[in-house]
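This report describes one protein chain, going from the overall fold to single residues. The sequence and the structure come next.

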Amino acid sequence: MTDLNRFLAEATTGGQIPGVSLATLRAGARGAEYCCGICGLHDLASIDSATVFEAASLTKPLVAFIALQLRDEGLLDLRRPLFDICGDFVPGDSISRRITAFHVLTHTSGLPNIIRDKAPLRTYFVSASSTPCRFRR
């Protein structure tokens, strides 16, 4: 057992962290994988490399960092509508076609934080980078 594997096993045994999955990359190739613990008190299934975690906002800084790197490399225009890049991601909502990566990164897209029956995926306000947000009725 490697030191990292032992560390992760000990960290997940104590109960503070129910489970963890870690994969390493080297030059774009997948390397070692470590999976320890369970999904959580709501789900006692063991963690494996296909486990989907509820990471909530933990990924936001990483995604923002990557988006800014892509911008610096000239591969992403933060002001270009995401519709041009990934198509109609909110079917039937024409306002969503104007949402840019800048709007997403600054939380001004008008999209809800959580999608549920009472808050379906659609824009809830119109945002323009040069003017304050205008709420949509």
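## L70 and the nonpolar patch

L70 is partly exposed: its relative accessible area is 32%. The model is a predicted one, and L70 lies in its helix 2, which covers residues 60–72.

L70 also belongs to a nonpolar patch on the surface. The other members are L62, F65, I66 and L75, and the patch amounts to about 490 Å². Patch membership asks for over 30% relative accessible area, and L70 has 32%.

## Overall composition

The chain has four helices and five strands. Their order along the sequence is α-β-β-β-α-α-α-β-β.

Of the 137 residues in the chain, 20% are buried. The exposed area of the chain is about 10,200 Å², of which carbon and sulfur atoms contribute 58%. For contacts between residues at least 6 apart in sequence, 28% link residues at least 24 apart.

## The three-stranded sheet

Three strands make an open sheet, ordered 1-2-3, with antiparallel pairing. Strand 1 (19–26) and strand 3 (43–46) are the edge strands; each has a single partner strand, so one side of each has no neighbour in the sheet. On average, neighbouring strands of this sheet are turned by 20 degrees against each other, with direction ignored.

Helix 1, residues 3–13, packs on the sheet and touches strand 1 and strand 2. The direction of helix 1 is at about 20 degrees to that of strand 2.

## Strand pairing and hairpins

How many bridges pair strand 1 with strand 2? There are seven, in the antiparallel sense. Within this pairing, L22 is opposite Y34 of strand 2, and L25 is opposite R30 of strand 2. The two strands form a hairpin that leaves two residues between them. A27 is in the turn and has a positive phi of about 55 degrees. Most residues other than glycine have a negative phi.

Strand 2 covers residues 29–40 and is joined to strand 3 by two bridges, again with the strands running antiparallel. I38 faces S46 of strand 3 across this pairing. Strand 2 and strand 3 likewise form a hairpin, with two residues between them. In a regular strand, side chains alternate between the two faces of the sheet.

## F83 in helix 3

F83 sits in helix 3, residues 82–86. With a relative accessible area of 27%, F83 is partly exposed.

Which residues does F83 contact once its neighbours within four places in sequence are left aside? They are D88, F89 and R97. F83 is also 7.8 Å from S96, C-alpha to C-alpha, and the two are 13 residues apart in sequence.

## T100 and H107

Is T100 buried or exposed? T100 is buried, because its relative accessible area is 6% and the cut-off for buried is under 20%. T100 belongs to the loop between helix 3 and helix 4. Leaving aside neighbours within four places in sequence, the contacts of T100 are L78, R79, R80, P81 and L82.

H107 is placed in another setting, the loop between helix 4 (101–105) and strand 4 (125–128). H107 is exposed, with a relative accessible area of 52%; the cut-off for exposed is over 50%. The phi of H107 is near 55 degrees, a positive value in a residue other than glycine.

Technical notes:
Residues numbered from 1 in each chain as written. Predicted model: local features only at pLDDT ≥ 70, side-chain atom pairs only at ≥ 80, totals over all residues. Heavy atoms only, no water. Patch = residues over 30% accessible without salt bridge, like charges linked within 9 Å, V, L, I, M, F, W, Y side chains within 5 Å. Areas by Shrake-Rupley, 256 points an atom, 1.4 Å probe, with all protein chains shown as cover. Salt bridge = Lys/Arg side-chain N within 4 Å of Asp/Glu carboxyl O. Buried < 20%, exposed > 50% of the residue type's maximum accessible area, 1.4 Å probe, protein only. Pairing = 2+ DSSP bridges. Axes fitted to C-alpha atoms, helices over the stretch in contact; angles between N-to-C directions. Contact = heavy atoms within 4.5 Å.
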